[in-house]
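Colleague: Take a close look at one pocket for me. Then go on to the other local features that belong in a report.

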Amino acid sequence: MLCAIAGALFGLLIRDVSLGLLIAAGAYLVWVHARLNGLLKWIRNRKEYEPPETQGVFEDISLEIDYLRERHKKRKKKLANYLKQFKQATRALPDATIVLDDLGNVLWANKASEEMLGVRWPEDINQRITNLIRNPELVKFVDTPIAGSSLDIASTLDLNRQFNIRLAPYGKGQWLFVARDITDLQRAHQIRKDFVANVSHELKTPLTVIKGYVETLQLHQDKLPDLFPQALDQMQLHTDRMQTLVEDLLLLSQLERGDEVSGQQPIAVAELISEIHRQTANLEGASERMFSLELDANLYINGSQRTLYSAFANLIVNAVNYTEDRDVIEISWYQDEEGAHFSVRDHGIGISEEHINRITERFYRVDSGRDRSNGGTGLGLAIAKHALTLHDAKLHIESELGRGSLFRCDFPQSKIVEHDNELAFSRIS
């Protein structure tokens, strides 16, 4: 405003107001440019230049820039402290911790990474993790990372050590690669499995002998005191339960070792399920259940017939045990775009949500009293899960308390095979 007034007065003196205003505008632009240039120099190098001392908007801009710079400095210092604390914490961790970019290159690693994985920092910075840790499974794991996924691999430095690898999103376009030593855990797990397998094997012979003597004594009950028949019946009942438990434990041990999936062949699953249904219908209480079967007779998969029999039979028997009289048990074998599926749906007592994630654990019982009364060992679903895992399949469970349950075995498309009419089905005895 002052510049315009001065220009107008100057124009009156020279008797040309327009020219005066034009000269005043030009002078104002030169002044503004000089101030902006001074402000730019100060922004670029605060140590050599002072901020423009002009009052008004330039002074306000200088103060605001000063405030923003100070705030940025405090934030940068705080982030640096956070980063320092993070590095100190991860250095102290017993687990190997590595920060990867979105291409799998090493950005940072803690001290444990060198001792456990041979990854050194900063020597290996920007090196691809799969070039430093040579493992085919790790390549796929890193190339297609999934948040929360994990992988168990053997150490490339010491084959006797086992590591569990986890990937978690970290920052923008970065992943946190964490390796935990699970050698002792796996060794303890193997010792437990070997112990169970060995004990089960050793128990099989004496149980067979005891069962034989009990059956022999039962054949001559008329020659025994009155107290003996009832005692022999109890002995037979519990011997049978122990024998079933031992057989289930031995089968589970075989499945864990993978013994039952060697020499896989095309399986006529519809006939296998029909055979299981015929045998199940003869079980105590099964005659009071109603079965609905929808089976695709032309759908075959590649697998182990005995292993699949164990998985499917356990699911069907499980449905029989947990449904009431006259209830319908729906059994299906079908194919869709995702693969082949075997499902068993019942309308029985159902399972509450908190138990669903654990019911495939060995010996886990939702209702221990009911399981023992119907002769269950608590291993049926564990056997089914292991059998399916060996066929690259998954067990899907849906259930609602009081409304029934759905157990579905999902087989990938790769397991489905073409067949001809000469493929035979051999009954499981």
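Modeller: On a 1 Å grid over the protein atoms alone, a pocket is an open set of points with protein on both sides within 12 Å along at least five of seven lines, and its lining residues have an atom within 4 Å of a point. Volume is the space filled by probe spheres set on the points, which are joined across faces, edges and corners. This is a predicted model: local features need pLDDT of at least 70, side-chain atom pairs count only at pLDDT 80 or more, and totals for chains, interfaces and linings use all residues. Residues are numbered from 1 along each chain as its sequence is written, and side-chain values use heavy atoms, without hydrogens and water.

Now the pocket itself. The second largest pocket has a volume of about 420 Å³. Eleven residues line this pocket, and His189, Glu256, Lys385, His386 and Thr389 are the closest to its centre. Three elements each give two or more residues to the lining: α7 (183-219), α8 (227-257) and α13 (380-389). Helices (H or I, at least four residues) and strands (E, at least two) are DSSP runs, numbered from the N terminus. By class, five lining residues are charged (Asp, Glu, Lys, Arg), two are nonpolar (Ala, Val, Leu, Ile, Met, Phe, Trp, Tyr, Cys, Pro), and four are polar (the others, Gly among them).

Follow the chain on from α13. Asp392 lies in the loop between α13 and β11. Its phi is near 60°, a positive value in a residue other than glycine. Asp392 counts as exposed (over 50% relative accessible area; buried is under 20%, partly exposed in between; 1.4 Å probe, protein chains only), because its value is 53%.

Next comes a hairpin. Strands β11 (residues 394-400) and β12 (residues 404-411) run antiparallel, joined by seven bridges; DSSP must find at least two for a pair. Ile397 stands opposite Phe407 in β12. Three residues separate the strands, and Gly402 in the turn has a positive phi of about 85°.

Then the cavity, a set of points where a 1.4 Å probe fits but cannot get out. The structure holds one of 30 Å³ or more. The largest cavity has about 30 Å³ of space. Its lining consists of Met116, Leu117, Ile133, Ile153, Ala154, Ser155, Thr156, Leu157 and Phe163. Here α4 (111-117) and β3 (150-154) each give two or more residues. Seven of the lining residues are nonpolar, two are polar and none is charged.

Leu157 is worth a stop. This residue sits in the loop between β3 and β4 (162-169). At 55% relative accessibility, Leu157 counts as exposed. It touches Glu114, Glu115, Met116, Leu117 and Gly118 (heavy atoms within 4.5 Å), leaving aside residues up to four places away in sequence. Leu157 and Gly118 are 39 residues apart along the chain, with 7.5 Å between their C-alpha atoms.

The loop between α4 and α5 (129-132) holds Pro122. The peptide bond from Trp121 to Pro122 is cis, with omega near 10°. Asn126 is in the loop between α4 and α5 too, and its phi is positive, near 70°, in a residue other than glycine. Asn126 is exposed, with a relative accessible area of 53%.

Last, confidence. The chain has a mean pLDDT (the predictor's confidence in each residue, from 0 to 100) of 77, and 74% of its residues reach 70 or more. Helix α12 (residues 368-373) is lowest, at a mean of 51, while strand β10 (residues 339-346) is highest, at 91. Over residues 422-429 the pLDDT is below 50, and this stretch has 16 contacts in the model beyond near neighbours in sequence.
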